[in-house]
Amino acid sequence: MRENKLRCILACLLALLCLAGCGGEPNAGSQVAGEADLATPVELDTQGLTPVTGAELLDGEYDIQVESSSSMFQIQACTLTVKDGEMTAAMTMGGTGYLYVYMGSGEEAAEAEESAYIPFTENADGSHSFVVPVEALDQATSCAAFSKKKELWYDRTLVFRADGLPAQAYQTPKEQVTVQSLALEDGEYTVEVTLDGGSGRASVTSPAAVKVENGEAIVTLEWGSANYDYMVVEGEKYLPTNTQGNSTFAIPLPCFDAPVKVIADTVAMSTAHEIEYTLTFASESLQAVS
């Protein structure tokens, strides 16, 4: 009788221990995903970038881009908040598969107190966001993400980009790089251009042709499709310069090395739709056309 009672007690204790380990909650015993569990990481190039700290920026909220080393940890949108020299980033994720993030390595996360984990918040549209501290922009930042399904910590690397910040975000405004500051002579050039924004599927031809005349630059921008019927740059509307082939526009190029906000109207959807993009023209890539 006593032996049966003891067996029952042991069985109950074992059941309680099993329950305590369930539910997807990370703890010191959580495992860290190994190389076999990880998708091939994306190399993030920060060469030539100078880290930007919160002390260099004015208080405010700014929309920025975030690069991720993993295709399984994509940030769809990010709002940077600067207050009293400190920065936080609200990252809206492309999926809902992570319960927590930790600003550090997976091994550090597995050994940390649960109070150090950053939980997600659910937005009105069902997407998940994480609000994380940011030490500096334009530098590689370690981040571990806890998978709801796998119950493993996954190591990620993030780069919070500063090139989306407007010039007025800085305590000491950065001098704009322009035709005048570069002392470009009248003539024809080519320049590398990068496109950000939208769904990420749009593209433009790079390098693009640039014509400098009387101290002003006009860039010929060719999109990767024929579905754009107008653009808006600095409040002015521009129509395509062609009637066949990919949509092409001749638009002003106000500055180099800083994002230029533009709007492009696409007719690829059931109804015309304006989409906001940023274009960045790299001054170091400028080549004169002989």
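# Exercises on a salt-bridge network and a sheet

Asp-138 and Arg-161 form a salt bridge in which the closest N and O atoms are 3.5 Å apart. The model is predicted, with local features requiring pLDDT of at least 70 and side-chain atom pairs counted only at pLDDT 80 or more, while totals for chains, interfaces and linings use all residues. Residues are numbered from 1 along each chain as its sequence is written, and side-chain values use heavy atoms, leaving out hydrogens and water.

## Exercise 1

Task: Work out which residues are joined to Glu-67 in one network of salt bridges.

Solution.

Step 1. Fix the rule. A salt bridge needs a side-chain nitrogen of Lys or Arg within 4 Å of a carboxyl oxygen of Asp or Glu. By this rule the count is three.

Step 2. Take the bridge between Arg-161 and Glu-67, with an N to O distance of 2.7 Å. Arg-161 is in the loop between β11 (152–160) and α3 (179–182) and Glu-67 is in strand β3 (residues 66–68), so this pair ties together parts 94 residues apart in sequence. Helices (H or I, at least four residues) and strands (E, at least two) are DSSP runs, numbered from the N terminus.

Step 3. Return to the bridge of Asp-138 with Arg-161, at 3.5 Å. Asp-138 sits in the loop between β9 (128–134) and β10 (140–147), and Arg-161 in the loop between β11 and α3, so the pair ties together parts 23 residues apart in sequence.

Step 4. Add accessibility. Buried means under 20% relative accessible area, exposed means over 50%, and partly exposed lies in between (1.4 Å probe, protein chains only). Arg-161 has 16% relative accessibility and therefore counts as buried. Asp-138 and Arg-161 are both buried, whereas Glu-67 is partly exposed at 27%.

Step 5. Add the bridge of Arg-161 with Asp-163, whose closest N and O atoms are 2.9 Å apart. Asp-163 is partly exposed, with a relative accessible area of 27%. Through shared partners, the salt bridges join Glu-67, Asp-138, Arg-161 and Asp-163 into one network.

## Exercise 2

Task: Give the strand order of the open sheet of eight strands, and state which strands stand at its edges.

Solution.

Step 1. Two strands pair if DSSP finds at least two bridges between them. In general, strands of a sheet pair through backbone hydrogen bonds, either parallel or antiparallel.

Step 2. The order is β16-β15-β18-β19-β12-β13-β14-β17, and the pairing is antiparallel. β16 (236–238) and β17 (248–252) are the edge strands; each has a single partner strand, so one side of each has no neighbour in the sheet.

Step 3. Check one edge. β15 (residues 228–233) is joined to β16 by three bridges, and the two run antiparallel. Val-232 has Lys-237 in β16 as its bridge partner.

## Exercise 3

Task: Sort the side chains of strand β13 (residues 208–213) by face, then find its partners.

Solution.

Step 1. In a regular strand the side chains alternate between the two faces of the sheet.

Step 2. In β13, Ala-208, Val-210 and Val-212 point to one face and are buried, while Ala-209, Lys-211 and Glu-213 point to the other and are not buried.

Step 3. On the β12 side (residues 187–197), five bridges make an antiparallel pair with β13. There, Val-191 has Ala-208 as its bridge partner.

Step 4. Five bridges also join β13 to β14 (residues 216–222), again antiparallel. Ala-209 stands opposite Thr-220 in β14. The two strands form a hairpin with two residues between them, and Asn-214 in the turn has a positive phi of about 55°.

## Exercise 4

Task: Describe the surroundings of Thr-266 in strand β18 (residues 260–266).

Solution.

Step 1. At 6% relative accessibility, Thr-266 counts as buried.

Step 2. A polar atom of the Thr-266 side chain lies 3.1 Å from the backbone nitrogen of Ala-268.

Step 3. Contact means heavy atoms within 4.5 Å. Leaving aside neighbours within four places in sequence, Thr-266 is in contact with Asn-227, Tyr-228, Thr-271, Ala-272, His-273 and Ile-275.

## Exercise 5

Task: State how many disulfides a search of the whole structure finds, and whether Cys-78 and Cys-255 are buried or exposed.

Solution.

Step 1. A disulfide is a pair of cysteine sulfur atoms within 2.5 Å. The search finds zero.

Step 2. Cys-78 counts as buried at 5% relative accessibility, and Cys-255 counts as buried at 6%.

Key. A polar contact is a pair of N or O atoms within 3.5 Å; within protein, one must be able to donate a hydrogen and the other to accept it, and residues adjacent in sequence count only if both atoms are side-chain atoms.
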